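Me: I have a protein model open and would like to go through it step by step. Could we begin with the overall picture and then turn to the details?

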Amino acid sequence: MGDLPTELLARDAHAEEIKVESPKDQYPAGPNSLNDALSIYQTLFEQYLDGEKANACAPLPENLSVRTKNLKASAYFLDATLAGVCAIKPTDFVRGDLKHTHAFIFLVEFSREPKSEEPGAKWLHGSNKARTDARATEVAVVLAGYVRALGYSARGHVAGNTLLNLEALAQRAGIVRAENGFLKMPFLKNGFALAAISTDLPLEIDLPIASDASLDWPDSDAYMGRHGTRPGWEESEALLRPLHLGRYPMETLKRVPEPTTLIIREEIIRNSKRADLFTRAISGDLGEKAKVQRMRFATKHPLASAMTPLIRNMVPLQGSYERLVPVNQNEDFSDAQRNADSIKALAHFLGADLVGICEAEPWMFYSHEAQQGKPIEPSHKHCIVILLDQGFETMEGASGDDWISGAQSMRGYMRGAFIAGVMGAHLRRLGFSSRSHTNAESDILHIPATLLAGLGELSRIGELVLNPFIGPRSKSVLLTTDLPLAFDQPIDFGLQSVCNMCLKCARECPCNAIPFGPKVMFNGYEIWKPDVEKCGKYRLTNMKGSACGRCMKTCPYNREDLVESTRLLELSIQVPSARRALIDYDDQIGAGMRNSFKRWWFDLEILNGVCVTPSGVNERDLNLDRTHKLAQNQKLAFYPPHLQPAAHITTATTVPLDRQAGLEAYANAEKPHQAKKRKN
């Protein structure tokens, strides 16, 4: 149903369609605007608006309403603002022709603009339409690819590359109405971009908004968000907060010189990318089954699969370490703090949820490439860290390891690659060397960068930095650059104490990979070190779902409501003695159970290029009685650098994991207090 209470609007099948224009940018673009960087990605995305459909149709419900709801939920999952369906008429074509019967049309609202004196304003003014067109194109590409994977013909249509009259379709599908010569969406004052997919997939159509219906908030309940929707005050409140600060009040947290977990920098040994677990799976180090499943585990679901072309084809645009001649640099970049604030404003404008900046220290880089074994020389000293929320709404309906899990990850990876890629292209145009580091290709380790950039603390989940406001459900992307930037400090919000008491993620882990015991030292890091072999094999070979995020699903910090999460966070920080009660409270209210109202996706699996009903579905809820049995029998292994493939070994050579050596290494691991005593 989306974020806005459009079900309250009066509808009229005979409402008049009026020839009007879509909203425009309110500012002219300056010489250093973001538009040139955005155009690179717009051009790339448009290449994937059309394609070949699967050879057979998926086993979809016959009920057209159910199909339409699924497609709308998919659009909202991808952050569309409003979506609707209408039948296509011959008069809708502005050029060409398609044998399509239905149009699924949606809008994506503009980002909020900085005031003229705010950091980043020169870059952002005049770029809102281009930014939002690119985001709408991304959604159109994914939805069209999704429908084609279901076995139906589909093509995306976006501003400047459409066969259809988007303004007419949007009115008929009931997501906008004409007022004063322009289209207007209900309830909000923001501008927006329109996009659509046309298809021969039969769908239930929506009705236009009645000509005499008010587009303002109908009553106080709707304005306050009591329908479970976005409150009316949110838009005006956002205008009061500087764009570079973002939505979440990270500035209220305690900052500390060093992270709350020990890092002994001089003892860290840089690993080759060949040592990455999923790279080891490609090489057969985890066995034949994991090797086969490695290439499909996260994209077995058709929605996740539809994101893959964009993720893969953004890799060549990630940039380099070379310094470039500026195309147009008429700005003063001597103020590192102003630069940092401008970068953060840029990231939030593009859709980042959280942004931090740290020094890219040499030990944070991989040592060698995986394929050719080429050495990686640490170059840039400034690292921008961006977190993307995987989405509470979908996580609330899922088990964490069912068929939507892979799509949650892929959405974060896709959006992150776009945001960091555009930022990097913009900085290179200004003359600064920059390179983005995504899940598909990264020269730098994301976990220490996220930790040092002050976006969270290391959690019991282990190789995951947990943010106090969105919990563990984030994906990261990095951008390194030689633009002078002020660094953020790490944060301390009491997580070490909470995770020390809370065993929920360990209790609920399907493969018993998260430790019940204390932290250990691993390659210079103090960490609750998970058994990555157990975890990796489960995620790769999960046959009743796609990948796994059950630890994120069940964590007590996985909360959605900002006011509630902030209140509980403040209580846990200010009253440490309340932490145990808050942990117990999380189980008492059933937090981490699946919410059936939020379950919107179809359980489907792509086999041999065709969507089929999978052989099973993980239907997990909380299991409060697992702790004793799992903790008693838990055996964990880890693989420090001396148990990893040597730097000269490439992906062409198989190096099986030595589990017995890994078990012994974990059993003999140094404890953090021993390391601290030794160092002092």
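Me: What radius of gyration does the protein chain have, and what would a compact globule have?
Reply: The protein chain has a radius of gyration of 25 Å, and with 680 residues a compact globule would have one near 26 Å, so the two agree. The radius is taken over C-alpha atoms, and the globule rule is 2.2 Å times the number of residues to the power 0.38. Along its principal axes the C-alpha trace spans about 80 × 60 × 55 Å.

Me: Where do these coordinates come from, and what is counted?
Reply: This is a predicted model, in which local features need pLDDT of at least 70 and side-chain atom pairs count only at pLDDT 80 or more, while totals for chains, interfaces and linings use all residues. Residues are numbered from 1 along each chain as its sequence is written, and side-chain values use heavy atoms, with hydrogens and water left out.

Me: How many helices and strands are there?
Reply: The protein chain has 23 helices and 19 strands. These are DSSP runs numbered from the N terminus: helices are H or I with at least four residues, and strands are E with at least two.

Me: What share of the residues is buried?
Reply: Of the 680 residues, 60% count as buried. Buried means under 20% relative accessible area, exposed means over 50%, and partly exposed lies in between (1.4 Å probe, protein chains only).

Me: Now to the sheet. In what order do the five strands of the open sheet lie?
Reply: The order is β8-β11-β14-β10-β9, and the pairing is antiparallel. Two strands pair if DSSP finds at least two bridges between them. The edge strands, β8 (319–320) and β9 (354–359), each pair on one side only.

Me: Which partners does β11 have, then?
Reply: Strand β11 (residues 434–437) pairs with β14 (residues 474–481) in the antiparallel sense over four bridges. With β8, the pairing of β11 is also antiparallel, over two bridges. S434 of β11 stands opposite S320 and also opposite T481 in β14, while R435 stands opposite T480 in β14.

Me: Which way do the side chains of β11 point?
Reply: S434 and S436 point one way, R435 and H437 point the other way, and all are buried. In a regular strand the side chains alternate between the two faces of the sheet.

Me: Why is β3 described as largely enclosed?
Reply: Five of the five residues of strand β3 (residues 154–158) are buried, so β3 is largely enclosed by the rest of the structure. A154, G156 and V158 point one way, and R155 and H157 the other. Strand β3 pairs with β6 (residues 192–199) in the antiparallel sense over five bridges, and H157 stands opposite A196 in β6.

Me: A change of topic: where is P448, and is it buried or exposed?
Reply: P448 lies in helix α14 (residues 446–452). It counts as buried because its relative accessibility is 6%. Leaving aside neighbours within four places in sequence, P448 is in contact (heavy atoms within 4.5 Å) with W363, M364 and Y525.

Me: Last one: which residues of α17 are buried, and what do they pack against?
Reply: In helix α17 (residues 532–541) the buried residues are V532, E533, G536, Y538 and L540. They pack against α8 (277–282), α9 (288–294) and α22 (659–667).
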